[in-house]
Amino acid sequence: QVQLVDSGGGLVQAGGSLRLSCSASGRTLDYYCVAWFRQAPGKEREFVAAMSWTDNTIKYADSVKGRFTISRSNAQNTGYLQMNSLKPEDTAVYYCAAANKYLGRSYSSRTFYDFWGQGTQVTVSS
């Protein structure tokens with residue numbers, strides 16, 4: 001079992017930046033893929049970004065391409081989401097997720113992932 005803890009959320013003005021962290025315990029993230037999702041009030045949880053731990057394959061939602069960067073630290077068993085040029089529409093609870101499988105075609109689906117963090121709130125003011 002993998003336990004994930006999200007952190008790094010907060011309140012930021014539009015145009016600002018935040019870095020989210022996804023700290024894993026229980027097992028190393030070798031052979032896992034890691035992703036970030038977000039859920040705004042009244043909306044469904046949506047895919048943001050995903051990264052394969054084995055070959056560095058990276059995927060982004062169109063809405064965050066060029067602004068967000070997913071990365072990892074093997075030494076710290078932690079994944080990151082660097083968010084730049086934040087917009088009010090980025091406001092949501094952000095969740096990290098992990099799956100012990102190759103980053104396949106269903107990487108943007110919530111059901112692809114077996115382990116989830118508790119979520120961290122990101123609020124972007126206009």
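What follows is a conversation between a visitor and a guide about the structure shown above.

Visitor: What kind of model is this, and how are residues numbered along each chain?
Guide: This is a predicted model, in which local features need pLDDT of at least 70, side-chain atom pairs count only at pLDDT 80 or more, and totals for chains, interfaces and linings use all residues. Side-chain values use heavy atoms, with hydrogens and water left out, and residues in each chain, as its sequence is written, are numbered from 1.

Visitor: How many helices and how many strands does the protein have?
Guide: Helices (H or I, at least four residues) and strands (E, at least two) are DSSP runs, numbered from the N terminus. Read along the sequence, the pattern is β-β-β-β-β-β-β-β-β-β-β, and the count is 0 helices and 11 strands.

Visitor: What radius of gyration does the protein have?
Guide: The C-alpha trace spans about 40 × 30 × 25 Å along its principal axes. The radius of gyration is taken over C-alpha atoms, and the globule rule is 2.2 Å times the number of residues to the power 0.38. For 126 residues a compact globule would come near 14 Å, and the protein agrees with that, having 13 Å.

Visitor: Which strand gives the most residues to the largest nonpolar core?
Guide: A nonpolar core is a set of buried Ala, Val, Leu, Ile, Met, Phe, Trp, Tyr and Cys residues joined through side-chain atoms within 4.5 Å, where buried means under 20% relative accessible area, exposed over 50% and partly exposed in between (1.4 Å probe, protein chains only). The largest such core has 41 residues, and Trp36, Leu81, Met83, Tyr94 and Tyr113 have the most contacts inside it. The elements giving two or more residues to this core include strand 3 (18-25), strand 8 (78-83) and strand 9 (92-99), and the one that gives the most, with 6 residues, is strand 9.

Visitor: Which residue stands opposite Ser71 in strand 8?
Guide: Two strands pair if DSSP finds at least two bridges between them, and strand 8, with 5 of its 6 residues buried, is joined to strand 3 by 6 bridges in the antiparallel sense. Strand 7 and strand 8 also pair antiparallel over 6 bridges, forming a hairpin with 4 residues between them, where Asn77 in the turn has a positive phi of about 50 degrees. In strand 8, Ser23 has Thr78 opposite, while the residue opposite Ser71 is Tyr80.

Visitor: Why is the disulfide of Cys22 and Cys96 right-handed?
Guide: A disulfide is counted here as a pair of cysteine sulfur atoms within 2.5 Å, and Cys22 and Cys96 are joined with an S to S distance of 2.2 Å. The pair links distant parts of the chain, 74 residues apart, with Cys22 in strand 3 and Cys96 in strand 9, and both cysteines are buried. The disulfide is right-handed because the torsion about its S-S bond is about 65 degrees.

Visitor: How far away from Cys33 is the nearest cysteine sulfur?
Guide: Cys33 is buried, with a relative accessible area of 0%. Cys33 is in no disulfide, and the nearest cysteine sulfur, that of Cys22, lies at a distance of 12 Å.

Visitor: How far apart in space are Ala99 and Val34?
Guide: Ala99 is found in strand 9 and is buried, with a relative accessible area of 0%. Leaving aside residues up to four places away in sequence, Ala99 touches Tyr31, Tyr32, Cys33, Phe112, Tyr113 and Asp114, where contact means heavy atoms within 4.5 Å. Ala99 and Val34 are 65 residues apart in sequence, yet their C-alpha to C-alpha distance is 6.7 Å.
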